[in-house]
Amino acid sequence: MNPVSSLSLPARYRGRFAPSPTGPLHFGSLVAAVGSYLDARAHGGDWLLRIEDVDAPRMVPVAADGILRTLAGFGFEWDGEVLVQSRRLDRYHAALVRLQVDGDVYPCACSRSEIAAATRQPSVDGGLVYPGTCRAGLADGKAARAWRLRVPDQTLSFVDRVQGEVHQNPLRDVGDCVLLRADGQYAYQLAVVVDDAAQGVNAVVRGVDLLDSTARQMFLQQRLGLPTPTYAHLPVVVNAAGEKLSKQTQAAAVTPSDGSARLALAMDFLGHPVPSELRGVPVADFWRWAISVWSMSRVPALRGVFPGDLAEIGNGARGVSGAIPAGNG
Ligand SMILES: [Zn+2]
């Protein structure tokens, strides 16, 4: 694959926000929502919503409704219908069948413990690099548990609008990734590629914890004959220990009653300091101002920022540049 320059934005911008309903919206997700919304609106584009609940065992059914209510309460206005991944399993199945027919995926019999016994090579996404055990076929007497994407042993490159040039050799850095899991669930990597194309998304703005998934997703787009969007990976909010905010790290929920003061904190975080007279104004007034000043070029090219360090974002003094374990989004 040739290096892909992802800096020139399309004529009609279509962006999206894709939360996973694992709990209420927290400040970390709010930052991703604000960044993707402002970039879409500042380009006169569309902003779509998608509920990424394909990873069913982790999901909280009522959380999706709560997230939508919270976004509406903060004054976000989305375009079109909300796409819900758990209602789209037939689409993921069709994509997997195409990959099977083309020989781009293969059955894998390995359990987690067998992989752990075969390799100690850490993967960029926090797991282990798949050692390729089943790449040339299942061993005698072994039954398929999962289906894996055959990723290339080749450096893939792209230009991220925030993080700059990114290079990854998917085979060496991650290994062949699972698209259909042993528990019968489709993997996020497959669903996100199918859905971005289905929604016509051509500009992805999301948290940097997904930066290391991007090369794989671009390869998958190519194999499925789908277009590749531009990418902008925002720094993620980390706690004092440097961990991404999530339900697991006890991130506090945000509520619309926090109003524009909370939106202002998200803007500060994204390199757009908010004048004091705009903190606490009605959200409609806040958005009018925010859309008029938004520029992706002002977002700090950092992987993680601890909000206690907000005053220092400008010089990057306490930003985190190391790996952030992956989530969805
Ligand atoms: Zn295997």
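Good morning. I begin with a pair of strands: strand E6, residues 156-160, and strand E7, residues 164-168, run antiparallel and are joined by five bridges. The model I am describing is a predicted one. Within this pair, Val-159 has Glu-165 of E7 as its bridge partner. The connection from E6 to E7 is a hairpin of three residues.

Let me now place that pair in the chain. Nine helices and 12 strands make up the secondary structure. The chain has 329 residues, and 44% of them count as buried. Among contacts in the chain with a separation of 6 or more, 77% are between residues 24 or more positions apart.

I turn next to the sheets. As a general point, the strands of a sheet pair through backbone hydrogen bonds, in either a parallel or an antiparallel sense.

One open sheet has three strands in the order E1-E2-E3, and its pairing is parallel. Which strands stand at the edges of this sheet? They are strand E1, 14-17, and strand E3, 83-84; each has a single partner strand, so one side of each is left without a neighbour in the sheet. Strand E2, residues 46-51, pairs with E3 in the parallel sense over two bridges. Ile-51 has Val-84 as its bridge partner in E3.

Just ahead of this last strand, I would like to point out one residue. Glu-77 is found in the loop between helix H2, 61-73, and E3. Is Glu-77 buried or exposed? Glu-77 counts as exposed, because it has 11 C-beta neighbours inside 10 Å, and the cut-off for exposed is 12 or fewer. Glu-77 and Tyr-37 are 40 residues apart along the chain, and their C-alpha atoms are separated by 8.7 Å.

Another open sheet of three strands follows the order E4-E5-E8, and here the pairing is antiparallel. Its edges are strand E4, 105-108, and strand E8, 178-180; each of these has a single partner strand, so one side of each lacks a neighbour in the sheet. From one strand to the next, the twist averages 45 degrees. E4 pairs with strand E5, residues 146-149, in the antiparallel sense over four bridges. One of the partnerships here links Pro-107 to Trp-147 in E5. Helix H3, residues 89-101, packs on this sheet and touches E4, E5 and E8. The direction of H3 makes about 95 degrees with that of E4.

I come now to the helices. Two packed helices are described by the angle between their axes and by the distance between those axes. I shall present two such pairs.

In one pair, helix H6, residues 188-198, meets helix H7, residues 211-223; their axes come within 10 Å and cross at roughly 60 degrees. H6 and H7 are therefore oblique to each other. The crossing in which H6 passes H7 is right-handed. On the H6 side, the contact is made by Gln-189, Val-192 and Val-193, and on the H7 side by Ser-213, Arg-216, Gln-217, Leu-220 and Gln-221. By class, this contact has three nonpolar, four polar and one charged residues.

H7 deserves some further attention. How many of the 13 residues of H7 are buried? The count is 10, and H7 is mostly covered. Among the buried residues are Leu-211, Asp-212, Arg-216, Met-218 and Phe-219. The buried residues of H7 pack against E5, E6, E7, helix H5 (170-173), H6 and strand E10 (230-234). This brings us back to the hairpin of the opening, since E6 and E7 are among these partners. After H7 comes Gly-225, whose phi is positive, near 70 degrees.

In the other pair, helix H8, residues 259-269, and helix H9, residues 283-293, pack at an angle of about 20 degrees, and their axes are 9 Å apart. H8 and H9 are therefore roughly parallel to each other, and their crossing is right-handed. Which residues meet in this contact? From H8 they are Gly-259, Ser-260, Leu-263 and Met-267, and from H9 they are Val-283, Phe-286 and Ala-290. By class, the contact of H8 with H9 has five nonpolar, two polar and no charged residues.

To close, I set the two helix pairs side by side: H6 and H7 are oblique to each other, whereas H8 and H9 are roughly parallel. Thank you for your attention.

Conventions: Residues numbered from 1 in each chain as written. Predicted model: local features only at pLDDT ≥ 70, side-chain atom pairs only at ≥ 80, totals over all residues. Axes fitted to C-alpha atoms, helices over the stretch in contact; angles between N-to-C directions. Parallel < 35°, antiparallel > 145°, perpendicular 65-115°, else oblique. Left-handed = near helix turned anticlockwise from the far one by under 90°. Contact = placed C-beta atoms within 7 Å. Nonpolar A, V, L, I, M, F, W, Y, C, P; charged D, E, K, R; others polar. Pairing = 2+ DSSP bridges. Buried ≥ 20, exposed ≤ 12 C-beta atoms within 10 Å, placed from the backbone.
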